[in-house]
Amino acid sequence: MPSQAGQLMSNISTLQNDPQLQEGYSKRKADEAEDNFTTWASRAIAKNVEAHLIEGSNIIEIAYTDKDADKARDVANALAKVYIDANLQDRREGARRNADWYDAQANKAREQLLAAEGAKSSFERETGLVLQDDKVDIDSARLEIGRAHV
């Protein structure tokens, strides 16, 4: 979540200078001492966030509670943007992995085809057998033509 936390903080520039967050960061607990401001502020913001899927839909509802209505709106909107961006990125990565897999399968099939064509050509040279496009040897083709004329 660090990249999303950074995204959230950059989407809401006012959070970087928020007096409540700055004060809370300066008074943070000893076990949080190693956290940078972005990580700590993201955790503090998460405590006031509620998110859930609306039943029977694919819609996620995000709410942020704060005394300042404008800040609450900005944070909720920024959270929605970060969620959408992360979701889109995940889908792109999934699509890229699928495309890579299909490319690998196509290359494998192409190699098998080339090997089969090589084996067919070797067989034809070794046996003196020449197959036409419809996979019929010359003698069978002559017999078929002869039958057609009778």
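A search of the whole structure, which is a predicted model, finds six salt bridges. Side chains of opposite charge can pair when their charged atoms come close. Three of these pairs are set out below.

| Salt bridge | Closest N to O | Relative accessible area |
|---|---|---|
| Glu-23 and Lys-27 | 3.0 Å | Glu-23 45%, Lys-27 61% |
| Asp-74 and Arg-73 | 3.1 Å | Asp-74 30%, Arg-73 45% |
| Asp-85 and Lys-81 | 2.9 Å | Asp-85 24%, Lys-81 41% |

In the bridge between Glu-23 and Lys-27, the acidic partner, Glu-23, counts as partly exposed because its relative accessibility is 45%. Lys-27, at 61%, is exposed, since the cut-off for that class is over 50%.

Arg-73 and Asp-74 belong to a wider arrangement: together with Asp-70 they are linked in a network of salt bridges. Asp-74 is partly exposed at 30%, and Arg-73 is partly exposed at 45%.

The bridge between Asp-85 and Lys-81 lies within one element, as both residues are in helix 5. They are four residues apart, about one turn of the helix. Both ends fall in the partly exposed class, Asp-85 with a relative accessible area of 24% and Lys-81 with 41%.

**Fold**

The chain has six helices and two strands. From the N terminus on, the order of elements is α-α-α-α-β-β-α-α, so that the two strands follow the fourth helix and precede the last two helices. Of the 150 residues of the chain, 19% count as buried. The chain exposes about 11,500 Å², and carbon and sulfur atoms supply 53% of that area. Among contacts between residues at least 6 apart in sequence, 36% join residues at least 24 apart.

**Nonpolar core**

In soluble globular proteins, nonpolar side chains tend to be buried together. Here the largest nonpolar core has 13 residues. Those with the most contacts inside this core are Leu-21, Trp-40, Ile-45, Tyr-64 and Val-75. The elements that give two or more residues to the core are helix 3 (19-26), helix 4 (37-46) and helix 5 (69-127). Helix 4 gives the most, with five residues.

Trp-40 can be followed further. Leaving aside its neighbours within four places in sequence, Trp-40 is in contact with Leu-21, Gly-24, Tyr-25, Arg-28, Glu-32 and Asp-35. One of these, Leu-21, is also listed among the core residues with the most contacts.

**Aromatic pairs**

The structure holds three aromatic pairs. Tyr-25 and Trp-40 form one that is edge-to-face, with 5.8 Å from centre to centre and 65° between the planes. This pair links distant parts of the chain, with Tyr-25 in helix 3 and Trp-40 in helix 4, 15 residues apart. Both Tyr-25 and Trp-40 are buried. Another pair is made by Trp-101 and Tyr-102, whose ring centres are 4.9 Å apart; their planes stand at 80°, so this pair is edge-to-face.

The residues of that second pair are not buried. Trp-101 counts as partly exposed because its relative accessibility is 48%, whereas Tyr-102, at 55%, counts as exposed. The line between the two classes lies at 50%, so Trp-101 and Tyr-102 fall on either side of it.

Ring pairs also link Tyr-25, Phe-37 and Trp-40 into a cluster. Trp-40 therefore has a place both in this ring cluster and among the core residues with the most contacts.

**Nonpolar surface**

Some nonpolar side chains lie at the surface. Leu-53, Ile-60, Tyr-83 and Ile-84 make a nonpolar surface patch of about 380 Å². Ile-60 is placed in strand 2 (residues 60-64). With a relative accessibility of 31%, Ile-60 counts as partly exposed, because that class runs from the 20% limit for buried residues to the 50% limit for exposed ones.

Terms used:
Residues numbered from 1 in each chain as written. Predicted model: local features only at pLDDT ≥ 70, side-chain atom pairs only at ≥ 80, totals over all residues. Heavy atoms only, no water. Core = buried A, V, L, I, M, F, W, Y, C linked by side-chain atoms within 4.5 Å. Buried < 20%, exposed > 50% of the residue type's maximum accessible area, 1.4 Å probe, protein only. Contact = heavy atoms within 4.5 Å. Patch = residues over 30% accessible without salt bridge, like charges linked within 9 Å, V, L, I, M, F, W, Y side chains within 5 Å. Areas by Shrake-Rupley, 256 points an atom, 1.4 Å probe, with all protein chains shown as cover. Salt bridge = Lys/Arg side-chain N within 4 Å of Asp/Glu carboxyl O. Phe/Tyr/Trp six-rings, centres within 6.5 Å; stacked < 30°, edge-to-face > 60°.
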